[in-house]
Amino acid sequence: MHKKVAAIINKYDADKGQLISILQDIQAEFHYLRKKDLTQVSDTMGVPLSQVYSVATFFKAFTLKPRGKHLVNVCLGTACHVRGASKVLEQIERSLKVSRGETTSDLKFTLETVNCMGCCALGPVVKIDDEYFGEMNAGKVDSLLAQY
Ligand code: FES
């Protein structure tokens, strides 16, 4: 029984109609939905585990795969690509020792790519959590990651 999960369930008075909000809060806390937490939700709220799983797997916003504390997004859209985004991505993959779509073993970073962040003039662009870093190059990668 995890105290934080219990507190989230209590916040919603264990209301079955709030299952999605409860799962959203749990994911916000742990960055993904852990099996043990889904079981706790099921046991505490009296919702069948199969129903909890069907909600957790139906919505794209939920993930059951471990996610890092920080989400690193590398833009590979055309404008960023022509300015060397793939070299930035390769350097991040080397530095974090993961490929895109993967999470570091210490659960610190998850690496993903996107096809445009809407700030093409700043490319190549890397976004970490909610912060954008423009005019990136491979040489800037390590000092950027070190800030996290
Ligand atoms: S192509 Fe990278 S921000 Fe638009």
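Colleague: Which residues of α3 and α4 meet?

Modeller: From α3 come Lys 35, Leu 38, Thr 39, Val 41 and Ser 42, and from α4 come Leu 49, Val 52, Tyr 53 and Ala 56. They count as being in contact because contact means heavy atoms within 4.5 Å. By class, that makes six nonpolar, two polar and one charged residues. The classes are set as follows: Ala, Val, Leu, Ile, Met, Phe, Trp, Tyr, Cys and Pro are nonpolar, Asp, Glu, Lys and Arg are charged, and the others, Gly among them, are polar.

Colleague: Before we go on, what kind of model is this?

Modeller: A predicted one, in which local features need pLDDT of at least 70 and side-chain atom pairs count only at pLDDT 80 or more, while totals for chains, interfaces and linings use all residues. Residues are numbered from 1 along each chain as its sequence is written, and side-chain values use heavy atoms, with hydrogens and water left out.

Colleague: Thanks! What makes α3 and α4 oblique to each other?

Modeller: Helix α3 covers residues 35-45 and helix α4 residues 49-58, and they pack at an angle of about 125 degrees with their axes 9 Å apart. Angles under 35 degrees count as roughly parallel, over 145 as roughly antiparallel, 65 to 115 as roughly perpendicular and the rest as oblique. The angle of about 125 degrees falls in the rest, so the pair is oblique. The axes are lines fitted to C-alpha atoms, for helices over the stretch in contact, and the angles run from 0 to 180 degrees between N-to-C directions.

Colleague: And what is the hand of the crossing of α3 and α4?

Modeller: Right-handed. The term applies if the near helix is turned clockwise from the far one by less than a right angle, and an anticlockwise turn would be left-handed.

Colleague: Why is Leu 49 called partly exposed?

Modeller: Its relative accessible area is 33%. Buried means under 20%, exposed over 50% and partly exposed in between, with a 1.4 Å probe and protein chains only, so Leu 49 falls in the middle class. Leaving aside neighbours within four places in sequence, Leu 49 of α4 is in contact with Leu 38, Thr 39 and Ser 42. The C-alpha atoms of Leu 49 and Thr 39 are separated by 6.4 Å, although these residues are ten apart along the chain.

Colleague: What puts the buried residues of α1 on the same side?

Modeller: Helix α1, residues 3-11, has Val 5, Ala 6, Ile 8 and Ile 9 as its buried residues. They cover an arc of only 160 degrees around the axis, so they sit on the same side of α1. That arc is the one of the directions from the helix axis to the C-beta atoms. The face turned away carries the exposed Lys 3, Asn 10 and Lys 11, while the buried residues pack against α2 and α3. After α1 comes Asp 13, with a positive phi near 55 degrees.

Colleague: How do you know that α1 is roughly antiparallel to α2?

Modeller: Their axes cross at roughly 150 degrees and come within 9 Å. That angle is over 145, and therefore the pair counts as roughly antiparallel. The contact is made by Lys 4, Val 5, Ile 8, Ile 9 and Lys 11 of α1 and Ile 22, Asp 25, Ile 26, Glu 29 and Phe 30 of α2. These divide into six nonpolar, no polar and four charged residues.

Colleague: What makes Ile 26 buried?

Modeller: A relative accessible area of 0%, which is under 20%. Beyond neighbours within four places in sequence, Ile 26 of α2 is in contact with Val 5, Ile 8, His 31, Tyr 32, Leu 33, Asp 37 and Val 41.

Colleague: Why are α2 and α4 called roughly perpendicular?

Modeller: They pack at about 65 degrees, with axes 11 Å apart. The value lies at the edge of the 65 to 115 class, so the pair is roughly perpendicular. Leu 19, Ile 20 and Leu 23 of α2 meet Val 52, Val 55 and Ala 56 of α4, giving six nonpolar, no polar and no charged residues.

Colleague: Finally, how many helices and strands does the chain have?

Modeller: Seven helices and four strands. They are DSSP runs, with helices (H or I) of at least four residues and strands (E) of at least two, numbered from the N terminus. Of the 148 residues, 41% count as buried.
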